[in-house]
Amino acid sequence: FASALECELRSAGSFTPTILRTVEYVNATTIRIRCSTPNGGGLAIDTATLPACPGYGIDIEKPDLTKIVPTSVTVSGNEIVCQFGETVYPDYRVRIGYTLQDVTQDGGASTNYIPCTNIRGAVANASRNGLAPWFD
């Protein structure tokens, strides 16, 4: 991923990621994240390009700095819905992105330090060598 992004930046001079627009607390255990994708289209969860991480790189941090990983993450259109196994409050901080140094769902670890998620825009930019706009 880092090589693809570096190549993209060198050849095109810019890169526009998928951008967070709003976070909505739907109920006591669910949040909805709305995004803007630069190439149009919806979002996709990609675990083929990057190893899957718990919560696909999204979690909530409590005031005591412990984190809550979602039990379910789904995407539909430009929205990400995260469900948690315990109550989340508006003063908890939504964290987006992990490093590949973190342990992946299959128990592996990496030595890369690229902040990222497993969520990206579903439509790649054809004029940019097919690079997908990652949500990070």
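# Strands, burial and core of a predicted model

User: How many helices and strands does the chain have, and what makes a run count as one?

Analyst: There are 1 helix and 9 strands in the chain. Each is a DSSP run (helices: H or I, at least four residues; strands: E, at least two), numbered from the N terminus. Along the sequence they follow the pattern α-β-β-β-β-β-β-β-β-β. The model is predicted, so local features need pLDDT of at least 70 and side-chain atom pairs count only at pLDDT 80 or more, while totals for chains, interfaces and linings use all residues. Residues are numbered from 1 along each chain as its sequence is written, and side-chain values use heavy atoms, with hydrogens and water left out.

User: Why are strand 4 and strand 5 called a pair?

Analyst: Two strands pair if DSSP finds at least two bridges between them. Strand 4 (residues 58–61) and strand 5 are joined over 2 bridges, in the antiparallel sense, and therefore meet that minimum. Within this pairing, I60 has I68 of strand 5 as its bridge partner. The two strands form a hairpin with 5 residues between them.

User: What makes strand 8 a partner of strand 4?

Analyst: Here 4 bridges link the two strands, which run antiparallel. In one of these bridges, E61 is matched with R93 of strand 8. The outcome is an open sheet of 3 strands in the order 5-4-8, with antiparallel pairing. Strand 5 (67–68) and strand 8 (93–96) stand at its edges; each has a single partner strand, so one side of each is left without a neighbour in the sheet. In general, strands of a sheet pair through backbone hydrogen bonds.

User: Why is E61 called buried?

Analyst: The cut-offs are under 20% relative accessible area for buried and over 50% for exposed, with partly exposed in between (1.4 Å probe, protein chains only). E61 has 13% relative accessibility and so counts as buried. This residue lies in strand 4. I58 and I60 point one way from that strand and D59 and E61 the other way, and all are buried. Over the chain of 136 residues, 32% count as buried.

User: Which residues does E61 contact, and what counts as a contact?

Analyst: A contact requires heavy atoms within 4.5 Å. Leaving aside neighbours within four places in sequence, E61 meets this with T66, K67, Y92, R93 and R95. With residues up to four places away not counted, I60 touches Y25, I31, T66, K67, I68, F84, V88, Y92, R93 and V94.

User: Why are Y56 and L65 placed in separate exposure classes?

Analyst: Y56 has 22% relative accessibility and so counts as partly exposed, whereas L65, at 60%, is exposed. Y56 sits in the loop between strand 3 (43–45) and strand 4, and L65 in the loop between strand 4 and strand 5. Both have a positive phi in a residue other than glycine: near 55° for Y56 and near 75° for L65.

User: How many disulfides are there, and how do you know?

Analyst: A search of the whole structure finds 0 disulfides, a disulfide being a pair of cysteine sulfur atoms within 2.5 Å. For C35, the nearest cysteine sulfur is that of C82, 9.7 Å away, and C35 is in no disulfide. C82 is likewise in no disulfide, with the sulfur of C35 as its nearest cysteine sulfur.

User: Are C35 and C82 buried or exposed?

Analyst: C35 is buried, with a relative accessible area of 3%. C82, at 0%, also counts as buried.

User: What makes a set of residues a nonpolar core, and which members touch the most others in the largest one?

Analyst: A nonpolar core is a set of buried Ala, Val, Leu, Ile, Met, Phe, Trp, Tyr and Cys residues joined through side-chain atoms within 4.5 Å. The largest has 14 residues, of which I31, I33, I60, I80, C82, F84 and V88 touch the most other members. Strand 2 (30–36), strand 4 and strand 7 (79–83) each give two or more residues; the largest share, 3 residues, comes from strand 2. Nonpolar side chains tend to be buried together in soluble globular proteins.

User: How much of the contact total in the chain joins residues 24 or more positions apart?

Analyst: Such residues account for 60% of the contacts with a separation of 6 or more.
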